[in-house]
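Good morning, and thank you for coming. I would like to speak briefly about the empty spaces in a protein model, and then about its annotated regions.

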Amino acid sequence: MIIFNASTHIIPYYNIFQDHPFAVICHNICLYQMSDLILNLFLKSSLSFPLFLHVQFILLHSLLNKTEHSIMHIISFFLVMLKIVFCYKSQKVQRGSDVSLRCDVPLMSKSSTLHWEKDGEQSPNSTLMYNNSAYIILHTVDERSEGNYYCRLMENGRVQTVRIHTVNVTSYSQNKIHTIYRQSGNNSDVSLIFKSKKIYHRLRWTWEQSPKSQIDLIAVEKGIEVQIKGPIEPGRNSSTTYTGQFFIFHISPVNFNYNGTYRCITETSTYTTTILRTIRVSVEPPDGVLRNQSVVLTCEVSEVNDSVTLVWLRMEGNRGVLVKQQTMTEKNNMLRLTVNLASNETDPLHWQCAVFTENTLRALAPITISRTSSNTNAPTESSTVTDQEETMTKDSHLQIKITVACVVTVSVLILLGLLVFKCQRKTGDDSWFKTSHASSEVLDSSTTVIYYQLLKHSEP
């Protein structure tokens, strides 16, 4: 690691140069070149910004000893300072919010690339190149997001730093309202963070999807188990206990209808507010397209309260090419942008829907067009015949099922009719038998009486 010291690396060489016979001619050129050298060291992350300022002021103080050139010294010094002002930016952001970084290059060839790095290493967040600008979004920032972000331009084998952005994150998340955008889907999530310097014994997260519809999602109390109250259950990264100063309510996956206002409310007031806007992208047909088939891409934003621009980008690597855009400036329940792609426009399979508010990139929703094989889906003659045979087979099976059902129904009805008839016949036979038996008994008794009387008359 090289330790840079202005008193040993810059000033001695400059003092030697001042004693040169041509110092009067080259004096101002040397001054600007040395100042620019310090600037380049800073841009290549060899110097921190405070050290850069310290070196510049040391150099200026040393050079101002030559009063006859003081005006040129001051002009050169401020030229360098002006350059660093346009290149360097520092920002303090709220914990748990999203941060969007952007750097611009006026002219850039197609072979050039522009990307963001963090502390000299490739950032895990993907960079979007669009209209000679490089964008990067940092989701749910915390102390791990702090540091210097460098926008690097790679052109003709050379790397040049275009911009440096220092991100500082607040220690706590109080009294701030911020809006975040998330794509709906199984891989999307939202972390609602409560972190306070003061101890609160109770807090709750609420959700208001529409005005005057606020409901409790979760309630926590120090030392007591978390109580789940609402329809959105905590995700795997949610806090399981409450310490009184820190709690995370994690939502995963994010559904499209999860848009709305989320508030963290303590026993005294609303501590922090997060407004969630959801994005949904879809492709028709959803199950894959043929090479000669047209496609419809749709991008939707759940709600619009300010100026929002939707942009469909055809992706060529990390470079986005504009296909269609739409801006909504009035309050609306939903913003939708549809792109109809002809069969010759579906070769690029990777697309992204970008959401901008003014010139700030707020979200990226990628989608991939799935290509299907024409052999398995094209309506060839053999497949048509096969489909007809399958249809005929299905129809014949249906007719057989209907015939069997009818036969079974008729058989059941016949059996029921026979059973009823048999029951009625049995009942009639029983009554006839009883009547016949009674009549035979009467006849037998009468016959007995007559026979007895005849026997009595025949006796002498």
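Let us begin with the largest cavity, which is lined by Gln 94, Arg 95, Gly 96, Ser 173, His 178, Ser 191, Leu 192, Ile 193, Trp 205, Thr 272 and Thr 274. Two elements each give two or more residues to this lining, namely strand E10 (190-195) and strand E16 (270-284). E10 gives the most, with three residues. I should state that the model before you is predicted.

The space in this cavity comes to about 40 Å³, and the count of cavities of 30 Å³ or more is one. By class, its lining holds seven polar, three nonpolar and one charged residues.

I turn now to the largest pocket. How much space lies in the largest pocket? The volume is about 580 Å³. Its lining consists of 28 residues, and those nearest the centre are Ser 126, His 139, Gln 183, Leu 364 and Pro 366. Strands E6 (133-138), E9 (177-183), E21 (350-357) and E22 (360-368) are the elements that each give two or more residues to the lining. Which element gives the most to it? That is E22, with six residues. By class, the pocket lining has 14 polar, twelve nonpolar and two charged residues.

Finally, the annotation. An unreviewed UniProt entry carries the annotation "transmembrane region" for residues 41-64, 70-88 and 402-421. In the model, residues 402-421 are 100% helix and 0% strand, with the C-alpha atoms at the two ends 29 Å apart.

Key. Residues numbered from 1 in each chain as written. Predicted model: local features only at pLDDT ≥ 70, side-chain atom pairs only at ≥ 80, totals over all residues. Heavy atoms only, no water. UniProt positions renumbered as here; feature names shortened; annotations may be inferred. Helix = DSSP H or I, 4+ residues; strand = E, 2+ residues; numbered from the N terminus. 1 Å grid on protein atoms, 1.4 Å probe; cavity = no way out; pocket = protein on both sides within 12 Å on 5 of 7 lines; lining within 4 Å. Points joined across faces, edges and corners; volume = space filled by probe spheres on them. Nonpolar A, V, L, I, M, F, W, Y, C, P; charged D, E, K, R; others polar.
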